[in-house]
Amino acid sequence: EPGVYFDLNEDDYHRDPSLGSTDMKNLGADIETFWLHSRFNPNRPDTETDAKLKGQALHKLVLEGEAASDKAFVVDCVPENHPGALVTGKDLEAFCRERKIAGFSGKAKADLVALIKREAPEAVIFDEIYATFLAMAQRDGRKILKPKVAEEVRQAAAAMSINEHLAHAFSGGPSEVSIFWRDAHGIPCKARIDKLKPRTLVDLKKSDNLRGRSFADALRRDLVAYRYDIQAEHYFQGYAHLYDFAREGRIFGD
């Protein structure tokens, strides 16, 4: 129902069919684009790209801190962190030669693993380590970040913490505040504010600037390309309801 929601689960927010800023951008393109990417389309494409995952990780770290970040994300398991583990088929074959394990020639990798586990159960096989890692990540509901992406996220967060303007923008005030309202036509709308301040709202965006343009030029191009003007207008429409919701007691959560 319309109101301001603190501590609303992100998945619950996205499951709600109210129109968010991305829906507004897609509607601004054409109705087919809106339908294709809407939650009403049972066959909508998966939009979980590496870039989006990086943005999600940066949001979590900056807005909610280390503990929340570690709970939501985990750095990918790589062979470099497991010296001595058998990784490739050639590693497995070399191990068989070294241990004089017969019958390994011409076997597929899965069969080599089975042979080694039978003849040398103490062997450390990376595929088994990784299978356990994936199972634990899925059990805990944690998304996997490539090591390079995780490092870039930490560097970006650290850079923000020493920038006097950015550090101030993202300190104080509640994070991830959800607003639900009905517009002038009675259509349910929603917005999720990154950082709610007493007199404004703050939204975190990243810019990679791969073409080496000036910072200001890169930002202007991103504003146009990603239609952040539509998002800003949509968020401020929701923001305009805050005082009314407060007076009406439409405040939910802690």
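Strands here are DSSP runs of E with at least two residues, numbered from the N terminus. With that in hand, let us walk through this predicted model, starting from its sheet.

**The sheet**

Five strands form an open sheet in the order β6-β5-β4-β1-β7, and their pairing is mixed. At the edges stand β6 (201-202) and β7 (251-252); each has a single partner strand, so one side of each is left without a neighbour in the sheet. Inside this arrangement, β4 (residues 175-182) and β5 (residues 188-196) run antiparallel and are joined by 7 bridges. If you would like a place to look for this pairing on screen, try R182, which stands opposite P188 in β5.

What packs on this sheet? Helix α12 (residues 228-239) does, touching β4, β5 and β6. The direction of α12 makes about 95° with that of β5.

**Two helices that meet**

Two packed helices are described by the angle between their axes and the distance between the axes. For helix α2 (residues 21-29) and α12, the axes come within 9 Å and cross at roughly 130°. That angle makes α2 oblique to α12, because it falls outside the ranges for roughly parallel, perpendicular and antiparallel, the last of which needs over 145 degrees. The crossing of α2 and α12 is right-handed.

Which residues make the contact? From α2 come S21, M24 and K25, and they meet Y228, I230, Q231, H234 and Y235 of α12. By character, the residues of this contact divide into 4 nonpolar, 3 polar and 1 charged.

**Two residues with positive phi**

Most residues other than glycine have a negative phi. Two residues of this model are worth a look with that in mind: K100 has a phi near 55°, and E176 has a phi near 50°. Both values are positive, in residues other than glycine.

Where do they lie? K100 is in the loop between α6 (89-99) and α7 (109-119), whereas E176 belongs to strand β4, the strand that is bridged to β5.

Is each one buried or exposed? K100 counts as exposed because its relative accessibility of 74% is over the 50% cut-off. E176 is buried, since its relative accessible area of 14% is under 20%.

The table puts the two side by side.

| Residue | Phi | Place | Relative accessible area |
|---|---|---|---|
| K100 | near 55° | loop between α6 and α7 | 74%, exposed |
| E176 | near 50° | strand β4 | 14%, buried |

Terms used
Residues are numbered from 1 along each chain as its sequence is written. This is a predicted model: local features need pLDDT of at least 70, side-chain atom pairs count only at pLDDT 80 or more; totals for chains, interfaces and linings use all residues. Side-chain values use heavy atoms; hydrogens and water are left out. Two strands pair if DSSP finds at least two bridges between them. Helices (H or I, at least four residues) and strands (E, at least two) are DSSP runs, numbered from the N terminus. Contact means heavy atoms within 4.5 Å. Axes are lines fitted to C-alpha atoms, for helices over the stretch in contact, and angles run from 0 to 180 degrees between N-to-C directions. Angles under 35 degrees count as roughly parallel, over 145 as roughly antiparallel, 65 to 115 as roughly perpendicular and the rest as oblique. A crossing is left-handed if the near helix is turned anticlockwise from the far one by less than a right angle, and right-handed if clockwise. Ala, Val, Leu, Ile, Met, Phe, Trp, Tyr, Cys and Pro count as nonpolar, Asp, Glu, Lys and Arg as charged, and the others, Gly among them, as polar. Buried means under 20% relative accessible area, exposed over 50%, partly exposed in between (1.4 Å probe, protein chains only).
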